[in-house]
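Take a look at the structure below. We will go through it one piece at a time.

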Amino acid sequence: MKFAVDFLKARGTPKSMKDLIDHLSVRNTSEEHKQELAEGLRGHPRVEWKPDTSLSEQTWKTGTYSYRPVVPGVTDGTSLLAFLQRKTDASSLAVRDLKDGWPDCEDALAQLERQHKILVTRTNREGFPRHVWLDDASLHHDIQPEFQAMWRRVQIPSIDDMHRKLSSVQLKPTSEDPRKAAAAAGNKPKVQKKRASKRGGKQTNIHMTHLLQDYSNLRR
C-alpha cells in the first residue's frame, strides 16, 4: 500500500489501477488480491479516487487514483494566497505540510515574503522556512534612513535604572529588582545536606535469626 501511495505522490498525475498494478509488479497475483488493493486505496486518507463517469457501474478496475496532499490544491503562489485568505483563524500553515503537495515551494515563499504578501518564520541556523501566515502589503511602509538612525541613537536604560525609574512613577516592574535578588542570594545561609542513614536496610538473613541470638547470659 505504501509503495502505491508513494508512486502516486511522485507522479503527481492521476493513474489507473492498471498503472498501479504494473508499477507494483503484481500482474500475476489473484484478482481477489488486486481487488483488496483497490479497496484499500479508495479508503486511504492520502488517496483520491475518481470514478469513470462514462460508465454506469463501477468495478475495482475503473476510475483513476491520485495523491491527496495535506494541503490540497496549493501548488503555486496564487493558490497559496487563496488558501490563506480562506482560513477562518490566525493559525499558521506549516511549511512541512505545504511541501507534501508542493515540494519546491521555497523560492515562491521567498518571493511572496519580499512582496510582503506572507509572513514567514525560519529556523535560526539554516534559515529554512517553518511556518507561513497571510500578510497585508498595504500595511508595510518604508522608514527613511534618518529616522532609523534617530531610533537607534535612543539609549535604552540599564536593568537597574529601569527598575528605579518605574518605581519612581509608581509603576510595578514585571521582574524583581536584580540588586535585591543578588543581595538576597548573598545573605542566604548555606544549608548542609544531611547524610542519609544506612540503618533500616532490608534484612536478608531472617531465616537464621534463631542462630544469631545472644545466649551469653546463659553461661555458668
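Start with Gln35. This residue is partly exposed, with a relative accessible area of 33%. The label follows from the cut-offs, because buried means under 20% and exposed means over 50%. Gln35 sits in helix H3. Now find Trp60, 25 residues away from Gln35 along the chain. In space, the C-alpha atoms of Gln35 and Trp60 are separated by 5.7 Å. Keep in mind that this is a predicted model.

Next, the sheet. Three strands form an open sheet in the order S1-S3-S2, and the pairing is antiparallel. Strand S1 (15–16) and strand S2 (47–50) stand at the edges. Each has a single partner strand, so one side of each lacks a neighbour in the sheet. Follow the pairing of S2 with strand S3 (residues 64–67): it is antiparallel and runs over four bridges. Pick out Lys50, whose bridge partner in S3 is Thr64.

Now add a helix. Helix H1 (residues 2–11) lies across S1, S2 and S3. The angle between H1 and S3 is about 75°. Which residues of H1 are buried? They are Ala4, Val5, Phe7 and Leu8. These four cover an arc of only 155° around the axis, which puts them on the same side of H1. There is a general rule to remember here. An α-helix has 3.6 residues a turn, so residues three or four places apart point the same way.

What covers the buried residues of H1? The cover includes the strands S1, S2 and S3, along with helix H2 (17–24) and helix H3 (31–42). Turn to the face of H1 that points away from its buried side. There you meet the exposed residues Lys2, Phe3 and Ala10. Just after H1 comes Gly12, with a positive phi of about 75°.

Finish with Asp100. This residue lies in helix H5 (residues 95–101). Is Asp100 buried or exposed? Its relative accessibility is 14%, so Asp100 counts as buried. What does its side chain reach? One polar contact goes to the side chain of Tyr67, at 2.9 Å. The Asp100 side chain also reaches the backbone nitrogen of Val70, at 2.9 Å. Now set aside the neighbours within four places in sequence. Asp100 is then in contact with Lys9, Tyr67, Pro69 and Val70.

Key: Residues are numbered from 1 along each chain as its sequence is written. This is a predicted model: local features need pLDDT of at least 70, side-chain atom pairs count only at pLDDT 80 or more; totals for chains, interfaces and linings use all residues. Side-chain values use heavy atoms; hydrogens and water are left out. Two strands pair if DSSP finds at least two bridges between them. Helices (H or I, at least four residues) and strands (E, at least two) are DSSP runs, numbered from the N terminus. Contact means heavy atoms within 4.5 Å. Axes are lines fitted to C-alpha atoms, for helices over the stretch in contact, and angles run from 0 to 180 degrees between N-to-C directions. Buried means under 20% relative accessible area, exposed over 50%, partly exposed in between (1.4 Å probe, protein chains only). A polar contact is a pair of N or O atoms within 3.5 Å; within protein, one must be able to donate a hydrogen and the other to accept it, and residues adjacent in sequence count only if both atoms are side-chain atoms. The arc is that of the directions from the helix axis to the C-beta atoms.
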